[in-house]
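User: I want to learn how to read the features of a structure model. Can we work through one together?
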Amino acid sequence: MLNEAPNVLIGGVNLQATNFDYEVQELAELVKANGMTVVGEVFQNLERINAGTYFGVGKIDEIKGLAAEKNAEFLVLNDELTPAQMSNLDQALPDVKIMDRTGLILAIFANRAHSREAQLQVQIAQLRYRLPRLRVGGQANLMQQGGGPGFANRGSGETKLELNQRTIKHHIAQIRKELAQLDVAQATKRQQRDKQELPTVALVGYTNAGKSTTMNGLLQLFDEAPSKQVFEKDMLFATLDTSVREIHLPSHQKFLLSDTVGFVSKLPTQLIKAFRSTLAEAAQADLLVQVIDYSDPNYEQMVQVTEQTLAELDIHDIPMIYAYNKADLRPDTKFPQVNSEHDLIYSANDPASLQQLSDLITKLLFADHQVLTYLVPYADGKWVDYLNEHASVQSQDYDATGTKIVASVTPIDAQRLAQFEVTD
Ligand SMILES: Nc1nc2c(ncn2[C@@H]2O[C@H](COP(=O)(O)OP(=O)(O)OP(=O)(O)O)[C@@H](O)[C@H]2O)c(=O)[nH]1
Ligand SMILES: [Mg+2]
């Protein structure tokens, strides 16, 4: 059984970044998602974060007082703390447990992970996070993985694994091995699918934007079996595993649609690294559909965060449809509304909207091929290989600057290769 929701103070240093308020709102949401209750806030305007104690002088006493007054068990901070800051704050505030934004997100992921792969990925991320935070010469407190609730540093009463750095590294290596085996199995599945040469579309975007609902809506629109539906829920990080489904269009064309983990601002790099293989479906897609919660006042920041995260995952050069979802929650917005072939306003609950989204996807995937001429510099030779594998190449010549290729390409490839197009 879960304990009663622990009381939490949220806090942080405000460096006057434009997105600070939004990050703080989101921090409160993350705290709730971890089953905790926000009972107070402590913020400090500073020019730079204090290297020793995160907050500047004076703030610590205020926190002590507020924590006692509000009966707070945790202090959750908006940034990732350095190991030194964490340990200094721990000593200065012996009566509250300190958790940083990274520790909080890791705890939520640990709680939500159901599949073996997701659990192992989160474990690796947690171990990597804890490794530099072991006290020199001391012992580590490690939350046990699995059924336990997702509060890091829960204090006495929980099962504690006491591991030194060497055993943690050993543990990471073992988990990596197990993950590598799972990854081989998944890569094989992917290769089998690639052999069918079905185009692939991946839903990406912020957590809770409506990716899984969109997937389910499209499955339903095309009468796919109810058993193919994926989990959707109004909560942060409902989806941690990738699901891939085949969609059969009335025109007898088919494509693969994948749904995967959502993003959040300051997504810990440990997690991004750990989830790289889960996100491989997105990295190898022919088309990305970025689902955006258009009803959220911060949707523009969410788009920015999504694009930064995709860049961190080395996902570049894949054509994208911007799908502005939840239009039904905006009072004066008409939907469905197609603004361009890469941009629509819709609601994942509305069949007419889903039809429009599907029309955009199919147009980009299957519309008439065009014959185009490319000059690909020798340094970009991988694109020559790409064209030979994916397009019907009509001629290929070599000159001093690169390879000149005339090929019949899909609209998606035309966009992908636009930088190499020449006009004769
Ligand atoms: N009103 C309304 N609610 C929507 C719409 N699309 C999704 N939702 C709701 O938004 C919540 C989140 O939807 P999900 O599909 O689980 O979101 P997700 O992007 O898959 O989220 P994660 O898996 O956490 O990354 C659910 O409660 C959905 O019912 C929409 O168009 N309109
Ligand atoms: Mg989801």
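Analyst: Start with backbone angles in this predicted model. Most residues other than glycine have a negative phi, and most peptide bonds are trans. Asn71, just after helix H2, takes a positive phi of about 60 degrees.

User: Which residue with a positive phi follows H7?

Analyst: Asp223 follows H7, and its phi is near 55 degrees.

User: Where do Asn208 and Asp314 lie?

Analyst: Both sit in loops. Asn208 is in the loop between E7 and H7, with a phi near 75 degrees. Asp314 is in the loop between helix H10 (299–312) and E11. Its phi is positive too, about 60 degrees, although Asp314 is not a glycine.

User: How do I read exposure for Asn208 and Asp314?

Analyst: Compare the relative accessible area with two cut-offs: under 20% is buried, over 50% is exposed. Asn208 has 24%, so it counts as partly exposed. Asp314 has 55%, so it is exposed.

User: What about the peptide bonds? Which residues does a cis bond join?

Analyst: Look at omega. Phe335 and Pro336 are joined by a cis peptide bond, with omega about -10 degrees. Pro336 is in the loop between E11 and strand E12 (337–340).

User: Now a helix. How do I check the span of H2?

Analyst: Set its reach against the expected rise per residue. H2 covers residues 59–70, twelve in number. From first C-alpha to last it reaches 16 Å, close to the 16 Å expected at 1.5 Å a residue.

User: Which residues of H2 are buried?

Analyst: Lys59, Ile60, Ile63, Leu66 and Ala67 are buried. They lie on the same side of H2, because they cover an arc of only 125 degrees around the axis. On the other side of H2, Asp61, Ala68 and Glu69 are exposed.

User: What do the buried residues of H2 pack against?

Analyst: Their partners are three strands, E1 (7–14), E2 (37–45) and E3 (74–77), and helix H3 (83–92).

User: Is H7 mostly covered or mostly exposed?

Analyst: Count the buried residues. H7 runs over residues 211–221 and is mostly covered, with nine of its eleven residues buried. Among them are Lys211, Met215, Asn216 and Leu219.

User: What do the buried residues of H7 pack against?

Analyst: They pack against strands E7 (200–205), E8 (243–248), E9 (254–259), E10 (287–293) and E11 (320–325). Helix H11 (351–366) is another partner.

User: Pick one residue in H11. Is Ser358 buried or exposed?

Analyst: Ser358 lies in H11. Its relative accessible area is 3%, so Ser358 is buried.

User: Which residues does Ser358 touch?

Analyst: Leave out residues up to four places away in sequence; Ser358 then touches Leu218, Phe222 and Leu249. For a sense of distance, take Phe74: it is 284 residues from Ser358 in sequence and 46 Å away in space, C-alpha to C-alpha.

User: Last topic, cavities. How many are found in the whole structure?

Analyst: A search finds four cavities of 30 Å³ or more. The second largest has a volume of about 60 Å³.

User: Which residues line the second largest cavity?

Analyst: Read the lining by residue, then by class. Phe109, Val261, Gly262, Phe263, Leu267 and Leu271 belong to the lining. Ile272, Phe275, Leu279, Thr309 and Leu313 also line this cavity. By class, nine are nonpolar, two are polar and none is charged.

Note on methods: Residues numbered from 1 in each chain as written. Chains lettered and ligands numbered in written order. Predicted model: local features only at pLDDT ≥ 70, side-chain atom pairs only at ≥ 80, totals over all residues. Heavy atoms only, no water. Helix = DSSP H or I, 4+ residues; strand = E, 2+ residues; numbered from the N terminus. Expected span 1.5 Å × (residues − 1). Buried < 20%, exposed > 50% of the residue type's maximum accessible area, 1.4 Å probe, protein only. Arc of directions from axis to C-beta. Contact = heavy atoms within 4.5 Å. 1 Å grid on protein atoms, 1.4 Å probe; cavity = no way out; pocket = protein on both sides within 12 Å on 5 of 7 lines; lining within 4 Å. Points joined across faces, edges and corners; volume = space filled by probe spheres on them. Nonpolar A, V, L, I, M, F, W, Y, C, P; charged D, E, K, R; others polar.
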